[in-house]
Amino acid sequence: MELSAPQEDYLETIGHLCRENGAARVSEIAARHGVSTATVVGALRSLKQRNLLCQPPYGQITLTREGQAAAESVMARHAALHAFLVGVLGVDGPTAERDACRIEHDVSPATLRRLIALERFLARGPWADLDWRGEFERFLATEEQQGATG
């Protein structure tokens with residue numbers, strides 16, 4: 001099922017809220033997205049039409065089986081990308097969070113599998129005990145210096 005990036009974002013938020021509270025409320029979703037409740041209601045309408053969530057009139061929001069699967073897929077992509085950005089590339093947490101949110105919607109399954117595999121490869125190989133991260137940081141610093149002077 002093809003979903004837009006905003007639809008995936010809403011499903012991801014609802015998935016997190018359902019894990020935390022058992023259900024989600026329109027006001028909680030609006031607060032997390034920094035939008036009005038009217039904007040959320042509109043977004044929820046399209047997700048309901050796709051049979052991804054349930055919401056009785058003015059009631060709490062829960063995910064259908066299909067909605068839960070879609071939300072878990074987005075959350076897993078996000079978590080894998082965040083872990084790669086922080087653990088392999090050394091990106092700071094807030095930047096990794098923003099970038100993972102952007103990348104998760106467009107990354108192909110094949111590329112994601114390879115990113116996850118590379119992270120595991122680096123963590124488990126004979127080089128895991130080497131200071132390859134420190135060497136990478138020194139390399140980046142040298143590259144930045146050369147870029148500033150070149």
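1. Start with the second largest pocket of this predicted model. Helix 1 supplies the largest share of the lining of that pocket, 4 residues. Two elements give two or more residues to this lining: helix 1, running over 5-21, and helix 2, running over 26-33. The full set of lining residues is D9, E12, T13, H16, R32, H33, C101 and H105. The space inside comes to about 180 Å³.

2. What is the mix of classes around the second largest pocket? Its lining has 1 nonpolar, 4 polar and 3 charged residues. If you want to find the nonpolar one, look among the lining residues for C101.

3. Now look at how helix 1 and helix 2 sit against each other. They pack at an angle of about 120°, and their axes are 10 Å apart. The two helices are therefore oblique to each other. As for handedness, helix 1 passes helix 2 in a right-handed crossing. On the helix 1 side, the contact is made by D9, Y10, T13, I14, H16, L17, E20 and N21. On the helix 2 side, E28, I29, R32 and H33 take part. By class, the residues of this contact divide into 4 nonpolar, 4 polar and 4 charged.

4. Points 1 and 3 are worth reading together. D9, T13 and H16 of helix 1 belong to the contact with helix 2, and D9, T13 and H16 also line the second largest pocket. From helix 2, R32 and H33 are likewise in the contact and in the pocket lining.

5. Helix 2 has another partner, helix 3, which covers residues 37-49. The axes of helix 2 and helix 3 come within 9 Å and cross at roughly 105°. That angle falls in the 65 to 115 range, so helix 2 and helix 3 are roughly perpendicular to each other. V26, S27, I29 and A30 in helix 2 meet T37, V40, V41 and L44 in helix 3. This contact has 6 nonpolar, 2 polar and no charged residues. One residue to click on is I29, which touches helix 3 and is also part of the contact of helix 2 with helix 1.

6. Further along the chain, try helix 4 (residues 65-87) and helix 6 (residues 109-124). Their axes come within 10 Å and cross at roughly 45°. That makes helix 4 oblique to helix 6. The crossing of helix 4 past helix 6 is left-handed. Helix 4 brings R77, A80, L81, A83 and F84 to the contact, while helix 6 brings L112, L115, I116, L118 and E119. Those residues divide into 8 nonpolar, no polar and 2 charged.

7. Where does the largest pocket get its lining? Helix 4 and helix 6 are the elements that give two or more residues to the lining. Helix 4 gives the most, with 4 residues. The pocket holds about 250 Å³ of space. It is lined by 15 residues, and the closest to its centre are M1, L3, E8, S73 and R77. Sorted by class, the lining has 7 nonpolar, 3 polar and 5 charged residues.

8. A last residue to look up is R77. R77 is among the residues closest to the centre of the largest pocket, and R77 also belongs to the contact of helix 4 with helix 6.

Terms used:
Residues numbered from 1 in each chain as written. Predicted model: local features only at pLDDT ≥ 70, side-chain atom pairs only at ≥ 80, totals over all residues. Heavy atoms only, no water. Axes fitted to C-alpha atoms, helices over the stretch in contact; angles between N-to-C directions. Parallel < 35°, antiparallel > 145°, perpendicular 65-115°, else oblique. Left-handed = near helix turned anticlockwise from the far one by under 90°. Contact = heavy atoms within 4.5 Å. 1 Å grid on protein atoms, 1.4 Å probe; cavity = no way out; pocket = protein on both sides within 12 Å on 5 of 7 lines; lining within 4 Å. Points joined across faces, edges and corners; volume = space filled by probe spheres on them.
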